[in-house]
Amino acid sequence: MSQENGHKNNSHYDWDALMHDGLAHRSLYTDPAIFELEMVKVFGGSWTFLGHESEIAKPNDFISRRLGLRPLIITRDRDGKVHALMNRCSHRGATVCRLPSGSAKFFTCPYHGWGYTNQGELISVPGEGAYGEEYKRSDYNLAHLPRVDSYRGFIFGTLNPEVGPLLEWLAGARPLLDQWLDRYPGTEIVVRSSAQRLVIRANWKMIYDNAGDGYHPAYSHQSLLEIAADRYGPEYDMQYFGKSSTDPDDSPLYVQSLGNGHTFLDQRPEMHADSAWQRQRPQPSREAYENSLKSRVGEEEARELLEVAIGSGMNLTIFPNLLIVGNQLQVLEPLAVDRAQVNWYGTTLSGVPDEINVLRMRTQEDFPALGDVDDNANFEACQAGLAIPEMEWVDISRHLRTRREKIDAQGIITGPVTDDLHMRSYYKEWKRLMSADLKLTVER
Amino acid sequence: MARAAKSRQLPAPSLYLDDRYYERLVQISRGWLAAGEAASADLQNMCERLLFKEARLIDDGEFEQWLDLYSRDCAYWIPAEYPPGDPRWEVSQEFNDRRRLEDRVARLRTGHAYSQIPPTRTAHLLSNVEVVAAGPDELRARTSFAIHTYRMEVYRTLAGWCGYILIREDGIWKIQVKQINMIDADQGQENNSFFL
């Protein structure tokens, strides 16, 4: 059974007027009604990242997530199949699962005792006879997303049964996701439940805007670049973004528009040109575990392994909520028009010596605690500035008119690293979804 | 970022933070006061004065003096799980060794650490101080804390408990480990880019 959503789908907004020629209107960040539409259409109208299969590795595992503002339970049933269930009792609407993760065959609503399997099937209703002759229990199963699919462990779902296949939608992001996953042969990514979770008093798109922004590091992260230079040396950390002697746009770094709003910023040509391990501003445990690893596997193998203790140098952004940064999955959770949470899920690798995974933890903690905090302060400051009604526009025109973007046969656009290509690309997809007359449904 | 390369002595390597260190930390973390017996009144008193001073130096922004209270082989750990697990396999809000604490102080002093411009004002309240002696040169303490913070029109309260290991280093009591357990350690956190 399929049910259409009751949201107002079309709006009075003229999206072309609000976004054109390298300008985005402030209301996209400040208007609660636009936020409400986004939570229905952008988060639900196309494929959205829900979680990673390694987070629900065993039969009957579950995690609680959100699709926009909709609470979901992502379950793995006894046969291993993944389900994306609406966390809402079909009776009065209470969430039936109130834990962030765990293992459960059944979810029983504490309010009136309705019980569901982890496939969403309603199996017990106290006093069921009181619902009359027309009542059919299966009409009251937990609702689930009509489409759920995964690619190499990444689970995506949508409320739009008409979207194309996941692989097609991933477009140019797919081979880059492969590169990120295949950094070390014979290993698998394991997403850990622990995460650095940061709440920001700003619109979620402030965070998204920054995900492919190669212009800001030299300025927003000046404190980090300075301590790297002063305490360690000129080759440490991402000082390549801030070389005063060269324009970063003349560096081998670049940004790409991959289709369907997905984008990529490649730091590898600098960060991994020689050894990312060598240029890493040293993380806790570095020398202790380096020595231990070398004594166990030898210099040569250790040298190769240590590279995967360091971030990938890839900023792969999959619209609208999955930001693959370094070795982490950064997942956006909008909370309100001026409030958002970003979860940095840590990852380990299966099949590598323990030393590598300990070092990965200490490396992954570095940027959220020392760099992201400055980004977040700037996003909150942007939100404050956008309160001025008379100042209507946000500029996203960098390299729009310099003719430095190149498009290849697959339609992938490549531009200089400080190009606003990322924002212009995702806003195109955002505008498509916001303008579309979407038929969003749930199934029982 | 044009900075003349200057002669520098690299910070001391992180040799102490090895598997044994983590193993001990995880063991202690499972029951902070489990080992040893209640410390003598003198040691309890010394410990309280040290922890109150530590809190005051953070509130006053005296981060260099604050760091002087820590041992050469220190760890400053804010778990992202409640209760905390093993930091070797789970990511923490922060897990800093001596070198990274120095990085953090240096960062705040650059004048470009925008998350702390203006700085967060903090008022640390410590209470329920329990201290056990784990040996002649080692104390373990547990305290409850409330940190009231104010920055840019936002007033917040952080709360939880801290576990400390104090050791005698060159005859002086120092903080070897500070573990900060926020009651909402596994939830979204706002700007905590100061020292807790």
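A polar contact, for today, is a pair of N or O atoms within 3.5 Å; within protein, one must be able to donate a hydrogen and the other to accept it, and residues adjacent in sequence count only if both atoms are side-chain atoms. By that rule, 35 residue pairs are in polar contact between chain B and chain A, both residues at pLDDT 80 or more.

Hello everyone, and a word on ground rules. This is a predicted model, where local features need pLDDT of at least 70 and side-chain atom pairs count only at pLDDT 80 or more, while totals for chains, interfaces and linings use all residues. Residues are numbered from 1 along each chain as its sequence is written, chains are lettered from A and ligands numbered from 1 in the order in which they are written, and side-chain values use heavy atoms, with hydrogens and water left out.

Let's stay with the interface. Which elements of chain B each supply at least two residues of the side that touches chain A? They are α1 (19–29), β3 (94–97) and α4 (98–109); helices (H or I, at least four residues) and strands (E, at least two) are DSSP runs, numbered from the N terminus. The largest share, seven residues, comes from α4(B). By type, that side of chain B divides into 17 nonpolar, eleven polar and 18 charged residues. Here Ala, Val, Leu, Ile, Met, Phe, Trp, Tyr, Cys and Pro count as nonpolar, Asp, Glu, Lys and Arg as charged, and the others, Gly among them, as polar.

In total, 46 residues of chain B contact 51 residues of chain A, contact meaning heavy atoms within 4.5 Å. About 4400 Å² is buried between the two chains, with carbon and sulfur atoms giving 52%; that is the accessible area (1.4 Å probe) that two parts lose on being put together, summed over both.

Now for salt bridges: a side-chain nitrogen of Lys or Arg within 4 Å of a carboxyl oxygen of Asp or Glu. The structure holds 44 over all chains, and eight are counted between chain B and chain A. One of them pairs A:R231 with B:D103, at 2.6 Å from N to O. Another links A:R201 and B:E190, whose closest N and O atoms are 2.6 Å apart. A:R201 sits in the loop between β14 (189–200) and α6 (204–210) of chain A, and B:E190 in the segment after β7 (172–182) of chain B, so this pair joins two chains.

On to the sheets of chain A. Four strands make an open antiparallel sheet in the order β7-β6-β5-β8, where strands pair if DSSP finds at least two bridges between them. Its edge strands, β7 (82–86) and β8 (101–103), each pair on one side only. Inside it, six bridges join β5 (residues 61–67) to β6 (residues 70–76), and A:R65 stands opposite A:L72.

A second open sheet has three strands, β9-β10-β11, again paired antiparallel. Why is one side of β9 (106–108) and of β11 (122–124) left without a neighbour? Both stand at the edges with a single partner strand each, so nothing in the sheet flanks the other side. Three bridges hold β9(A) to β10 (residues 115–117), with A:T108 partnering A:G115.

Last, some backbone curiosities. Most residues other than glycine have a negative phi, and most peptide bonds are trans. A:F319 and A:P320 are joined by a cis peptide bond, omega about 0°, and B:I117 and B:P118 by another, omega about -5°. A:R152, meanwhile, has a positive phi near 45°, in the loop between β12 (147–151) and β13 (154–158) of chain A.
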